[in-house]
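This report concerns the secondary-structure packing of a single protein model. Please consult the sequence and coordinates shown here before reading on.

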Amino acid sequence: MNRPFNYGNAYEQHIASMLSTINSNVYNQNNMLNSYMLSTDKKIAELKKNKKRKRISDNICVEQDGTIILLEIYDNGDKIGVPFIVNLRGGWEVYRLKFDKIIVAEEYFALVFRNSSTWIVGKYTKNTQTGLYNYFVQSGVKFNSQISQNRIRQALYMGFAPQIENTTQTWTLTELAGWHNGKFLSAENFQFAIRQDFPRLPILQKKIEKSYGKDDLEKYLQIFQMLRGSKEKVLLQEVIVWGLLASVFAQEGIKISICLNLVFLQESLRPIFPKLLQVFNRNSTEVVYADWTTKQVRENLILCNDEILIVDAIQTLGNTYQKQKVKENVEKIKKKICEDKTRFFDIDREIDCALVVMNTEILQGNTINIFVTEDLFEDVLTVENLLNRKCVESFLDCFVEFSENNLETIRRIIRKNRTSCKDSRYGLLKASWQILCMFWQEEGFDFCKELFLPDEIEWEEYISEICEDDVRDVFINVIRKEISNVQVLRRERFATYGANIIYFDDSWLFVPTKVLNEMLKQRGLLSEKLNILYCLKKSGKLKCDREGLSKKVQIGNKRHEFYIISRSFFDKPGMPSIVDLGGMKN
């Protein structure tokens, strides 16, 4: 007799339940095993497929979120993207560098990443696997460490080399120090970091020291207080403005057409002026020597912009050819800087700077001559000490900041003087003076009062030129007229000295320095004394020490200072001798 499966007592029913659970578990395990076997078969098939796959290229790409990846492309059509550059995001631009102000022997490219300050500059000759990799690494670019260096080199070359070679975009870097978009730039605030193979731009060779203090400005003014002459106080301040604002003046139509020629009669003062006037790289003296070769002069001129070019033409040695070469170089430099549209030294562009020549010769033509004698400063030692205290650096720093903050006002001042002055030289002098006064007023100083200067300046006197013919006519007439007011005595062995007596011998007049000053003052020519005496010295009509224009001569028991001038210089045909015109004869 058949019985139901669950029929029986409790024990039998328990056994039946256990058998049912076992049966269910076996069924589920069989299903899981079948699924695992199918998955394993699929993976084995995929591995067999990938075993035959080959990577055929790596492409640099940018994903939508800006991640720069290396897209691996395989021969079976698979594409896999892996991180490539890990510290940059976004795209880039490729440029050829263009140079407007200087001549560069090689071509350069630039890679600029749009979302980063990172940029890469290099030479076209190094547009290679190794060259590009080195440029990227030197620029601080970080790559995926899981990618081999060889793959990175290949990817960079395949990705960037064609773009570099074929780009038509150009980019002009800031080449010169000075004014750009309302800012005064130098090596310290050049917008890009300098790395290997970066172009040797002039701006990178021009450093300006940052230093400022109110006390420093007072010390700076003390230097000019030590100058005895008003003309020197004004011009040695103005020339710094000409240099620092040269390109601004040029943009507003005024060329820095005046050369400041320092005629040294006291060469021991020579080191003072570079310390006073040099704008950049003030840790060392930088001058152009007039006996340099054309190539050397050109290399220095091409660096200049918004500064003072100091030319040293003082030559104590050398033959006639060398001395002539110095004169020719000075004249060519002067024409290149102070005249428009010249191509001296094979430089096409205008050089916007101020020119100061340290010389032993008077220069003519758009030149203001300042004679450097032992009497130029009241106390030379004080001036040297002040120059060593960084007060010039403070003035330069402060004036540049003032000019940046007031550039539009400065431009208006220049334009106003350009239109109101028929002679651009007067426009330059007047505009510079007004800018200086505005600067010192803003700093809290009464400029004219501090330097004991008149409120109104006769600018015509500053650029009046005197030539040797003028010297002969003017000086002869003044002395022949004024000598009647002075006692004239023959210089004899036992002659007694008188402070207001002119002495003479068969060839020379011995004029006490104070007497000549008074004679010229009476005729309004005292300001031209050094010009006149210097011309006489050059023509052999003045007997003096090697330095200076006077000479000590013993009369009586002491040596006294005289200007010793040739008698023949004053004589005119058919007219009385200069000695016979002398007054108060015994």
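The following text treats a predicted model, taking its sheets, its helix contacts and one phenylalanine in turn.

**Sheet S1-S2-S3 and helix H3**

An open sheet is formed by three strands in the order S1-S2-S3, with antiparallel pairing. The edges are occupied by strand S1 (55-62) and strand S3 (79-89); each has a single partner strand, so one side of each lacks a neighbour in the sheet. On average, and with direction ignored, neighbouring strands of this sheet are turned by 20° against each other. Seven bridges connect strand S2 (residues 67-74) with S3 in the antiparallel sense, and leucine 71 has glycine 81 in S3 as its bridge partner. Helix H3 packs on this sheet and touches S1, S2 and S3, its direction making about 65° with that of S1.

**Strands S4, S5 and S6**

Strand S5 (residues 108-113) is paired with S4 and with S6, as tabulated below.

| Strand pair | Sense | Bridges | A residue pair |
|---|---|---|---|
| S4 (residues 92-98) and S5 | antiparallel | five bridges | glutamate 93 and valine 112 |
| S5 and S6 (residues 119-123) | antiparallel | five bridges | alanine 110 and valine 121 |

The connection from S5 to S6 is a hairpin of five residues. S5 is mostly covered, with five of its six residues buried.

**Helix pair H2 and H3**

Besides packing on the sheet, H3 (residues 149-166) meets helix H2 (residues 129-138): their axes come within 8 Å and cross at roughly 95°. The two helices are therefore roughly perpendicular to each other. On the H2 side the contact comprises Gln129, Thr130, Leu132, Tyr133 and Phe136, while H3 contributes residues including Ile152, Arg153, Leu156, Tyr157, Phe160 and Ile164. Classified by residue type, this contact has nine nonpolar, four polar and one charged residues.

**Helix pair H5 and H13**

Helix H5 (residues 230-244) packs against helix H13 (residues 424-442) at an angle of about 90°, with the axes 9 Å apart. This angle makes H5 roughly perpendicular to H13. Val234, Leu235, Gln237, Glu238, Val241 and Trp242 of H5 face Leu428, Leu429, Ser432, Trp433, Leu436 and Trp440 of H13 across the contact. Its composition is nine nonpolar, two polar and one charged residues.

Among the buried residues of H13 are Leu428, Leu429, Ser432, Trp433, Leu436 and Trp440, together with Arg425 and Phe439. Does the end-to-end distance of H13 agree or disagree with its expected span? At 1.5 Å a residue, its 19 residues should span 27 Å, and the end C-alpha atoms are 27 Å apart, so the two agree. Just beyond H13, glycine 444 adopts a positive phi of about 90°.

**Phenylalanine 371**

Phenylalanine 371 belongs to strand S14 (residues 367-372). Is phenylalanine 371 buried or exposed? The residue is buried, because its relative accessible area is 6%, under the 20% limit for that class. Apart from neighbours within four places in sequence, phenylalanine 371 is in contact with Val263, Leu265, Ile362, Leu376, Leu530, Asn531 and Tyr534. Phenylalanine 143 lies 228 residues from phenylalanine 371 along the chain, and their C-alpha atoms are separated by 65 Å.

Methods
Residues are numbered from 1 along each chain as its sequence is written. This is a predicted model: local features need pLDDT of at least 70, side-chain atom pairs count only at pLDDT 80 or more; totals for chains, interfaces and linings use all residues. Side-chain values use heavy atoms; hydrogens and water are left out. Axes are lines fitted to C-alpha atoms, for helices over the stretch in contact, and angles run from 0 to 180 degrees between N-to-C directions. Helices (H or I, at least four residues) and strands (E, at least two) are DSSP runs, numbered from the N terminus. Angles under 35 degrees count as roughly parallel, over 145 as roughly antiparallel, 65 to 115 as roughly perpendicular and the rest as oblique. Contact means heavy atoms within 4.5 Å. Ala, Val, Leu, Ile, Met, Phe, Trp, Tyr, Cys and Pro count as nonpolar, Asp, Glu, Lys and Arg as charged, and the others, Gly among them, as polar. Buried means under 20% relative accessible area, exposed over 50%, partly exposed in between (1.4 Å probe, protein chains only). Two strands pair if DSSP finds at least two bridges between them. The expected span of a helix is 1.5 Å times one less than its number of residues.
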